[in-house]
Amino acid sequence: MDGQIVVGLDIGTTKICAIVAGQDRAGRVNILGIGRAPSDGLTRGVVTNIDRTVKAISSAIEQAEQNSGVKIRMVNVGIAGDHIQSFQSRGVIAIASPDNEITQSDVDRLIADTKRIALPSDQKIIHVIPQEFIIDGQDGVMDPIGMSGVRMEASVHVITGLVTAAKNIYRCVERAGLEVQDVVLEPLASSYAVLSEEEREVGVALVDIGGGTTDLAVFEEKTIRHTAVIGIAGRKVTDDIRKGLGVLQEQAEYLKCVHGFAAASEVIDDEPILIPGIGGRAPREVSKSTLCQIIQPRIEEILEIIGLEIKRSGYARHLSAGVVLTGGGALVKGTATLAREILGTDVKIGLPIGLAGGLIHEIENPMYATGVGLVVHGLHKGHHHGTFAPKSTMVSVARNIDAYPTTEPGLRGDDGRPTDRPSAIPSTAYLNRSDATAPMSTSAPAPDPHPTPTPTRPAAFEPTAEAPTDEETDAAREPKEPRMGAIWKRMASWFEEL
């Protein structure tokens, strides 16, 4: 094939998947090879056994090479886990060019300014995704390059991850004889594969139910607005079946995938299922309705937490396209029906879309959404068309993991003053416990999706537009005094005069 070839490596809790794809001269994406291997070296998306993970990666890569006939050297890797956090940030710069035309270098400087945030020493930035640009008070600008202005601001969505978790993924890939080309947040990668541009524009929530974690990504106006990670997923459902019926792990997984139902209303033929005995014991029978009674409560719990997280994001009323379920956990029959009842919105199962040829029939499965999204990201990286973020807004942990200092000059603490000591991220973390049921918020409460812009005088009435000074830029970052505090001070001065 005449074109670029990219490999996506989805390192999951229950499986590791490698997908080889190529893009021809017409821009069509073709799937060339697929490799899959069981994974038992990760827990809730985090590497806990490097040797087992390396062995599984090597097995998946070998299968993908045999199917595609391509020697794999570089891969795009997905990262997930309950260590992922996200929050909103803002930045402001002055345009220094003589004609006040905004260039790519100005956008790069602005993105760098939004990353001047006090982070804990164990957290590093994975992605910086612009929400909107504001030029001389004019908001709603999505692509500022080529426009004129003297002051440019940006509101961005910052996604961070644990340094050690990223390093362990990088180390596993290297030990398998590969090189990491880029690291991408897995729910963001899945969105590239299963969401259409129309869904991103009108508002949609993507729920990726994997083996170890359930990932949430909320989109509106073609931009990601909120992300969250929940430490309860398909592996918990399998464990419930294993403990409830007293069967082996493999048998519980088989019962879930073949005979399992997430909604009792979907069970039509309640025929008995024969379960092999353990240790020479006689086989047992269990009905499908009994199996559903074990599966349904756990999936209900996952969906209820997702519903709470969507409400906390502030975009629950703006999801005109509803919810898209993907990931291997969405394959349990009746999951979409149960999600409609709990979430109260339209729900569909998301399959990889936008593929032209090759092994497209083999890839039409929700479990391959992340892997396909990784190759789509690799093929479109650096391009500004479509819904993909510009290259300057995407930061790779793998290639920059040692490049970040522990502290950066210009950091400001919780009191708004310059400091060299990292402060806490303004977000709430999900409890890192297997039995935790509280929702995990990986981002601060989202602002009003349609805020009222600050009144400004039109540029036509300004005789001359002046660039912001350093004092104005620093003052914009200083915390404002609460209104009631100012009133009390004024009242105290009045009493002193009396």
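**Figure 1. Arg 44, a buried residue in a loop.** With a relative accessible area of 18%, Arg 44 counts as buried, since the cut-off for that class is under 20%. This is a predicted model, and here we look at the loop between strand 4 (42–43) and strand 5 (46–47), where Arg 44 lies. Take a look at the backbone too: phi of Arg 44 is near 50°, a positive value in a residue other than glycine.

**Figure 2. Asn 100, a loop residue with positive phi.** Asn 100 sits in the loop between strand 7 (85–94) and helix 2. Its phi is near 60°, which is positive although Asn 100 is a residue other than glycine. Is Asn 100 buried or partly exposed? At 26% relative accessibility, Asn 100 counts as partly exposed.

**Figure 3. Helix 2 and its buried face.** Follow the chain into helix 2, which spans residues 104–114. Six names are worth labelling here, for Asp 106, Val 107, Leu 110, Ile 111, Asp 113 and Thr 114 are buried. Looking down the axis of helix 2, you will find that these buried residues fall within an arc of 155°, so they line one face of the helix.

**Figure 4. Helix 6 packed against helix 8.** Helix 6 covers residues 234–245 and helix 8 covers residues 288–313. The two pack at an angle of about 145°, and their axes are 9 Å apart. Helix 6 passes helix 8 in a right-handed crossing. Which residues of helix 6 meet helix 8? On the helix 6 side they are Lys 236, Val 237, Asp 240, Ile 241, Gly 244 and Leu 245. Their partners in helix 8 are Leu 291, Ile 294, Ile 295, Arg 298 and Ile 299. Sorted by class, this contact of helix 6 with helix 8 has seven nonpolar, one polar and three charged residues.

**Figure 5. Leu 162 in strand 10 and its partners.** Strand 10 runs over residues 151–162, and Leu 162 lies in it. At 23% relative accessibility, Leu 162 counts as partly exposed. What does Leu 162 contact, leaving aside its neighbours within four places in sequence? The partners are His 83, Asp 122 and Gln 123. Please pause at His 83: Leu 162 and His 83 are 79 residues apart along the chain, yet their C-alpha atoms are separated by 5.9 Å.

**Figure 6. Leu 206 in strand 12.** Leu 206 belongs to strand 12, which is made of residues 204–209. With a relative accessible area of 1%, Leu 206 is buried. Not counting residues up to four places away in sequence, Leu 206 touches Pro 187, Ser 190, Ser 191, Val 194 and Leu 195, and also Asp 215, Leu 216, Ala 217, Val 324 and Thr 326. One of these partners, Leu 195, is eleven residues from Leu 206 along the chain, and the C-alpha atoms of the pair are separated by 8.1 Å.

**Figure 7. Ala 205, the neighbour of Leu 206.** Ala 205 is also placed in strand 12. At 0% relative accessibility, Ala 205 counts as buried. Among the residues that Ala 205 touches, setting aside those up to four places away in sequence, are Leu 216, Ala 217, Val 218 and Ile 310. The list also includes Leu 319, Gly 322, Val 323 and Val 324. To place His 226 in this view, note that Ala 205 and His 226 are 21 residues apart in sequence and 9.2 Å apart in space, C-alpha to C-alpha.

**Figure 8. Thr 223 in strand 14.** Thr 223 lies in strand 14, which takes in residues 223–230. Its relative accessible area is 5%, and Thr 223 is buried. Leaving aside neighbours within four places in sequence, Thr 223 is in contact with Pro 130, Gln 131, Met 142 and Val 218.

**Figure 9. Two cysteines, and the whole chain for context.** Cys 17 counts as buried at 1% relative accessibility, whereas Cys 257 counts as partly exposed at 47%. The disulfide count comes to zero. Stepping back, the protein has 14 helices and 19 strands. Buried residues make up 52% of its 498 residues. Of the contacts with a separation of 6 or more, 68% join residues 24 or more positions apart.

Terms used:
Residues numbered from 1 in each chain as written. Predicted model: local features only at pLDDT ≥ 70, side-chain atom pairs only at ≥ 80, totals over all residues. Heavy atoms only, no water. Buried < 20%, exposed > 50% of the residue type's maximum accessible area, 1.4 Å probe, protein only. Helix = DSSP H or I, 4+ residues; strand = E, 2+ residues; numbered from the N terminus. Arc of directions from axis to C-beta. Disulfide = S-S within 2.5 Å. Axes fitted to C-alpha atoms, helices over the stretch in contact; angles between N-to-C directions. Left-handed = near helix turned anticlockwise from the far one by under 90°. Contact = heavy atoms within 4.5 Å. Nonpolar A, V, L, I, M, F, W, Y, C, P; charged D, E, K, R; others polar.
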